[in-house]
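Student: I should like to look closely at a single part of this protein. Please choose one suitable part and explain how it is placed and what surrounds it.

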Amino acid sequence: MTETPWWSSESLWRKMAIWVTAFMVVVLIGLTFDTVRQITAGGKRVPSYSVINQKIFYEFDSERGFQVPRIGESQPLFGRILDEAEAKALVTLGKLTVQAKNCMNCHTLLGNGAYYAPDLTKAWLDPAWAHEDIREQLMLDFLQDPAGNARTFGSGRRMPNLNITEDEAQGIVAFLKWMSSIDTNGFPRGFSPLDQEDGV
Ligand code: HEC
């Protein structure tokens with residue numbers, strides 16, 4: 001009978017399985033911490049909530065090959081400068097409303113959701129809002145009465161009235177503004193932002 005070579009011995013492969021599993025557990029724990037760090041508001045990719053006090057615009061990054069969000073001068077939302085806690089409360093109200101009304105049934109946010117309706121990840125900079133000066137009001141009006149302010153973009157699709165209050169609409173606009181400042185590695189692709197003639 002020929003002897004089993006060392007590399008095919010059962011005990012070697014049993015040990016190998018244990019070591020590889022243990023190693024991957026360590027790698028996964030490391031990656032989890034890294035991901036949490038990267039997706040926490042206040043980090044490099046996901047700015048803190050008070051970013052809604054500032055102008056958010058897109059700039060082509062030739063090294064990375066796509067548009068990236070940049071944070072510019074002061075541009076308070078609804079004419080108010082909010083501290084971090086107030087900004088967080090407003091963005092959270094928007095996020096909870098978006099969850100409660102299940103906007104993802106039709107829209108996509110940060111890669112999650114449906115494609116019946118426009119992707120909302122960069123909706124803050126959608127050219128459909130015509131100009132920065134009227135955008136906030138147009139968004140509030142649209143969210144509170146989407147049927148009456150429908151644009152449809154030739155698709156014939158309409159957003160239903162979801163009984164959103166003025167406060168909730170303000171929260172949603174804050175949530176959308178904050179979300180547009182997140183560095184999503186160029187997702188969604190091929191997005192052209194609204195006219196940014198004012199630069200930084
Ligand atoms: C039943 C499907 C549906 C649901 C649910 C829905 N929407 Fe819409 N939404 C649409 C459609 C269709 C459009 C495009 C039509 C238009 O702009 O008139 C739209 C457009 C929008 C726009 C404009 C997008 C842009 O880039 O210009 C915003 C903002 C928006 N919806 C926010 C929301 C929010 C917030 C919710 C949840 C509270 C929501 N929608 C729920 C169908 C839906």
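Tutor: The bounds of a domain, as the word is used here, come from an automatic or database domain assignment. The model itself is predicted. On that basis the protein is divided into domain 1, residues 9-36, and domain 2, residues 49-180. The C-alpha centres of domain 1 and domain 2 lie 42 Å apart.

The part chosen for a close look is helix α4, which spans residues 166-180. Two packing partners of α4 will be taken in turn, beginning with helix α2, residues 84-100. The axes of α2 and α4 come within 7 Å and cross at roughly 100 degrees. Since angles from 65 to 115 degrees count as roughly perpendicular, α2 is therefore described as roughly perpendicular to α4. From α2, the contact is made by Leu 90, Val 91, Leu 93, Gly 94, Lys 95, Thr 97 and Val 98. From α4, the residues taking part are Asp 167, Glu 168, Gln 170, Gly 171, Ile 172, Ala 174, Phe 175 and Trp 178. Sorted by class, this contact has eight nonpolar, four polar and three charged residues.

The other partner is helix α3, residues 132-144. The axes of α3 and α4 are 9 Å apart, and the two helices pack at an angle of about 125 degrees. That angle makes α3 oblique to α4. The crossing of α3 and α4 is right-handed. Here α3 contributes Glu 136, Met 139, Leu 140, Leu 143 and Gln 144, while α4 contributes Glu 166, Ala 169, Gln 170, Ile 172 and Val 173. By class, the contact of α3 with α4 has six nonpolar, two polar and two charged residues. Gln 170 and Ile 172 of α4 appear in the contact with α2 and also in the contact with α3.

Two backbone details may be added, one beyond each of two helices already named. Most residues other than glycine have a negative phi, and most peptide bonds are trans. In the segment after α4 is Pro 188. The peptide bond from Phe 187 to Pro 188 is cis, with omega near -10 degrees. In the loop between α2 and β3 (108-109) is Asn 102. Asn 102 has a positive phi of about 55 degrees although it is not a glycine.

Finally, the ligand deserves a brief mention. Of the 24 residues around the ligand, Cys 103, Cys 106, Ala 117, Asp 126 and Met 159 come nearest. The shell around the ligand has 15 nonpolar, four polar and five charged residues.

Conventions. Residues numbered from 1 in each chain as written. Predicted model: local features only at pLDDT ≥ 70, side-chain atom pairs only at ≥ 80, totals over all residues. Near = placed C-beta within 6 Å. Nonpolar A, V, L, I, M, F, W, Y, C, P; charged D, E, K, R; others polar. Axes fitted to C-alpha atoms, helices over the stretch in contact; angles between N-to-C directions. Helix = DSSP H or I, 4+ residues; strand = E, 2+ residues; numbered from the N terminus. Parallel < 35°, antiparallel > 145°, perpendicular 65-115°, else oblique. Left-handed = near helix turned anticlockwise from the far one by under 90°. Contact = placed C-beta atoms within 7 Å.
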